[in-house]
Amino acid sequence: MNKKGELYCYGCGVKLQFKNPNKTGYISQNAFENVVHPLCERCYNIKFHNRVKEVEHIDANYIDLFDNIVRSRCLVVYVIDIFNFNLSTVKEMLSKLNNKVIFVVNKIDVLPHSVKKEKVIKWIKELVNDKNIIKYIATSASQKFNIDELREEIEKYRNGKSVYFVGSTNAGKSSIINIFLKNYENTTDKLITTSCYANTTLQIVEIPLDRKSYIFDTPGFIDSYNISSEIEPKIMNVILPKKEIKPHVYQITSNQSLYIGGLLRLDIEPTRKSSVIIYGSSKLKIHRSKKEKSDSIFTNLIDNKQLYPVSKKYMDINNFETHEIEIKDDKVDLACPGYCIITLRNLKDTKIKVYTPKNVKVELINSLI
């Protein structure tokens, strides 16, 4: 409850309401009266049943939000998930800012142990290359890695002003905030208002840093090019890696198709011996076939449950969108944010076809792993 008597969810910070179960912030009167720290129905289902209820999306109106951030001249902490970000979206969002930015690459614990933090930082600097970024930091909220360094950099650059945390949904903003706020004085009571569960920060949450400044935990913006916008939420809960990703290596010597689960297909016509290395969730079931038979094979694989994951919206390969991509380097990564990273070797000067759910964007980026 705030000074105006308004009631807020203990989990996500959204204003509670008792009238409409299909709107955000709903809680039954009985549930509210029988708990000390009330959770909206959505947060309750996530915490106790690992179930996400789809509710009306709150339009954060990010253009207006970013305009306000620019006018504030406050420090911005931009957080991405190393496995689940779209480079073009990141650059677009950064272009709207004119503030000093600390760029946080979160969840690096899912990368193979051979990939060092220094390499991650060098790689992301080359990719993003934004003039407003004053510091790049690699973190892992789940492992509490480098959160102290982030806290120190925030104090170094905020100049006594407030701090805005921004990023896409599930990047880990609220998890990071919850960890490092524990070392700030006068914030213990406010920890309960930040999001403890994935994809639940539905409105801006203010957390006092001192008498004159705040941390603003902003709602995660939804990337319309991300695979999560096209498939069922329960699938995303399974395919987003929660531990170190392992490689699946395929040598390619003739025209072939690779089905990476039931949500992405790769057609390759190599001019020389090539290799494809797929990094993703251990739950992915991958199948290789001759390209000439790949359309008919897809249906058989689905019927025989030889591919995973599979979306009910994409049981027919004809429903997929086709991307034709020219490879210009001997080693490059093809990223499908939130789903997989594919390292392509020895395919320079060839074209590949990629089949994805509609509106999902894939892009070539410099190889990291």
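**Exercise 1. Strand β8 and its partners**

In which sense do β8 and strand β11 (residues 286–290) pair, and over how many bridges? Work out also how β8 is joined to β9 and whether β8 is buried or exposed.

*Solution.* The model is a predicted one, and the steps below follow β8 through it.

Step 1. The pairing of β8 with β11 is in the antiparallel sense and extends over five bridges, and within this pair Leu 258 stands opposite Arg 288 in β11.

Step 2. Strand β9 (residues 264–268) is also joined to β8 by five bridges, and these two strands run antiparallel, with Ile 260 standing opposite Leu 264 in β9.

Step 3. The connection between β8 and β9 is a hairpin with three residues between the strands, and Gly 261 in the turn has a positive phi of about 65 degrees.

Step 4. Since buried means under 20% relative accessible area, each residue of β8 can be sorted by that cut-off. Five of the five residues of strand β8 (residues 256–260) are buried, so β8 is largely enclosed by the rest of the structure. Gln 256, Leu 258 and Ile 260 lie on one side, while Ser 257 and Tyr 259 lie on the other, and both faces are covered.

**Exercise 2. Strand β2 and the largest nonpolar core**

Determine how β2 pairs with β1, and then describe the largest nonpolar core and the contacts of Leu 94.

*Solution.* Step 1. Strands β1 and β2 pair in the parallel sense over six bridges, and Ile 80 stands opposite Val 105 in β2.

Step 2. Six of the six residues of β2 are buried, so β2 is largely enclosed by the rest of the structure. Val 101, Phe 103 and Val 105 are buried on one side, and Ile 102, Val 104 and Asn 106 are buried on the other.

Step 3. The largest nonpolar core has 44 residues, and the members that touch the most others are Tyr 78, Ile 82, Leu 94, Phe 103 and Ile 124. Among the elements that each supply at least two residues of this core are β1 (75–81), α4 (87–95), β2 (101–106) and α5 (117–128), and the largest share, six residues, comes from α5.

Step 4. Leaving aside residues up to four places away in sequence, Leu 94 touches Tyr 78, Val 101, Phe 103, Val 128, Asp 130 and Ile 133. A second, separate core has 32 residues, including Ile 235 and Leu 344.

**Exercise 3. The largest cavity**

How many cavities of 30 Å³ or more does a search of the whole structure find, and which residues lie nearest the centre of the largest?

*Solution.* Step 1. The search finds five such cavities, and the largest holds about 90 Å³ of space.

Step 2. Its lining consists of 13 residues, and Ile 82, Phe 85, Ala 335, Ile 341 and Ile 365 lie nearest its centre.

Step 3. Strands β13 (331–336), β14 (340–345) and β16 (363–365) each supply at least two residues of this lining, which by class has eleven nonpolar, one polar and one charged residues.

**Exercise 4. The surroundings of Phe 32**

Locate Phe 32 and decide how far it is exposed.

*Solution.* Step 1. Phe 32 belongs to helix α1 (residues 29–33).

Step 2. The relative accessible area of Phe 32 is 23%, and the range called partly exposed lies between the buried limit of 20% and the exposed limit of 50%, so Phe 32 is partly exposed.

Step 3. Not counting residues up to four places away in sequence, Phe 32 touches Leu 7, Leu 16, Phe 18, Ile 27 and Pro 38. The C-alpha atoms of Phe 32 and Leu 16 are separated by 9.4 Å, and these residues are 16 residues apart along the chain.

Definitions and conventions:
Residues numbered from 1 in each chain as written. Predicted model: local features only at pLDDT ≥ 70, side-chain atom pairs only at ≥ 80, totals over all residues. Heavy atoms only, no water. Core = buried A, V, L, I, M, F, W, Y, C linked by side-chain atoms within 4.5 Å. Buried < 20%, exposed > 50% of the residue type's maximum accessible area, 1.4 Å probe, protein only. Helix = DSSP H or I, 4+ residues; strand = E, 2+ residues; numbered from the N terminus. Contact = heavy atoms within 4.5 Å. 1 Å grid on protein atoms, 1.4 Å probe; cavity = no way out; pocket = protein on both sides within 12 Å on 5 of 7 lines; lining within 4 Å. Points joined across faces, edges and corners; volume = space filled by probe spheres on them. Nonpolar A, V, L, I, M, F, W, Y, C, P; charged D, E, K, R; others polar. Pairing = 2+ DSSP bridges.
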